Amino acid sequence: MKCRFCNSPSYVEIRYPKKINLCKEHFIEYFEDRVKKSIEKYKMLNKDEKILVAVSGGKDGHVAAWILKKLGYNIELFHINLGIKGFSDESLRAVKALAERLNTPLHVVDLKEITGKTIEDIRGKKCSICGITKRYLMNKFGYERGFDVIITGHNLDDEISFILNNVLNWNIRYLAKHEPVLPAHDKFLKKVKIFFEIDEYLILKYAEAEEIPFTTVKCKFAEGAITLKHRDYLNELEKERSGIKLQFLYGYMKNRHLFKVEEEDFQFRECEVCGMTSAGKICSFCRVWKLYKKKRKKENNKGK
Ligand SMILES: [Zn+2]
Ligand SMILES: [Zn+2]
């Protein structure tokens with residue numbers, strides 16, 4: 001198979017909306033153009049914004065940083081060392097390699113230094129705690145350092161597997177909430193998913209074409225997550241019906257207003273422990289890491 005635009009051999013087959021084969025060079029051009037169009041379509045970013053990109057060591061965040069830098073955005077990198085054996089060291093190595101290649105500042109935050117514990121030390125739902133932790137630390141860091149936007153590498157496959165999961169469980173409240181741009185409010189920074197409608201497979205092919213450093217080591221706690229299974233059969237479906245993943249996403253975007261529930265005049269407040277924006281007295285981060293205990297201890301010691 002030859003590239004549609006030149007005589008070079010095909011590097012990737014694009015199957016939707018039209019079936020075309022592209023060589024490496026033309027695929028790089030195609031991919032960057034798709035991302036650029038997505039950024040424009042959803043009015044995701046401005047060139048004068050100070051952007052913090054979340055990098056875990058995996059391909060998605062790394063490709064996001066790479067392409068934004070290439071497109072001329074003002075980015076810095078943010079990484080959390082979660083202290084997971086066999087995973088965190090490898091991740092940190094990949095993130096450092098990326099920062100060097102991009103010549104971009106890298107900020108590393110160590111979970112154990114902040115909470116006194118790692119994810120390993122916690123019992124129960126490690127994946128959801130990990131999610132809460134990452135979102136919180138990244139937002140706090142960005143907020144305190146004057147960033148305007150946080151970028152995460154969530155892609156089309158992530159989004160539709162979350163949406164499908166929320167349909168299967170009829171989580172109506174969450175069903176209205178998948179969006180490419182989450183505006184800033186209170187002490188929450190604006191959050192953007194530049195790969196909202198970009199297929200994970202294409203991100204991987206771009207990473208390989210551009211020789212972007214990343215690690216394929218997966219977190220052991222993520223194994224067996226149900227959303228990983230959703231991903232697999234959505235990709236099976238895609239093989240038989242090209243475009244079904246994107247159509248599912250577009251259909252969702254058109255209809256998600258149906259799931260908006262009237263929330264009573266909800267007032268956010270400041271967490272009593274850390275002062276960041278919270279839905280309750282104590283934010284979920286301070287709750288799962290039991291930081292209120294630390295604070296109480298400090299106060300008791302002061303009183304003596
Ligand atoms: Zn070509
Ligand atoms: Zn808090």
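This passage describes how the two domains of a predicted model meet.

In the predicted model, the protein is divided into domain 1, covering residues 46-260, and domain 2, covering residues 262-304. The centres of these two domains, taken over C-alpha atoms, are separated by 26 Å, and the contact between them draws on 23 residues from domain 1 and 15 residues from domain 2. Between domain 1 and domain 2 an area of about 1600 Å² is buried, and carbon and sulfur atoms contribute 70% of this area. On the side of domain 1, the residues that lose the most area to domain 2 are Thr115, Tyr136 and Lys187, which together account for 35% of what that side buries.

As to polar interactions, one salt bridge is counted between domain 1 and domain 2. Lysine 187, named above for the area it loses to domain 2, forms a salt bridge with glutamate 270, in which the closest N and O atoms lie 3.1 Å apart. Across the interface of the two domains, four residue pairs are found in polar contact, with both residues of each pair at pLDDT 80 or more.

With regard to secondary structure, α4 (111-115) and α5 (126-144) each supply at least two residues of the side of domain 1 that touches domain 2. Of these elements, α5 provides the largest share of that side, namely eight residues. Considered by class, the side of domain 1 that touches domain 2 consists of ten nonpolar, six polar and seven charged residues.

Methods. Residues are numbered from 1 along each chain as its sequence is written. Chains are lettered from A and ligands numbered from 1 in the order in which they are written. This is a predicted model: local features need pLDDT of at least 70, side-chain atom pairs count only at pLDDT 80 or more; totals for chains, interfaces and linings use all residues. Side-chain values use heavy atoms; hydrogens and water are left out. Domain bounds come from an automatic or database domain assignment. Contact means heavy atoms within 4.5 Å. Buried area is the accessible area (1.4 Å probe) that two parts lose on being put together, summed over both. A salt bridge is a side-chain nitrogen of Lys or Arg within 4 Å of a carboxyl oxygen of Asp or Glu. A polar contact is a pair of N or O atoms within 3.5 Å; within protein, one must be able to donate a hydrogen and the other to accept it, and residues adjacent in sequence count only if both atoms are side-chain atoms. Helices (H or I, at least four residues) and strands (E, at least two) are DSSP runs, numbered from the N terminus. Ala, Val, Leu, Ile, Met, Phe, Trp, Tyr, Cys and Pro count as nonpolar, Asp, Glu, Lys and Arg as charged, and the others, Gly among them, as polar.
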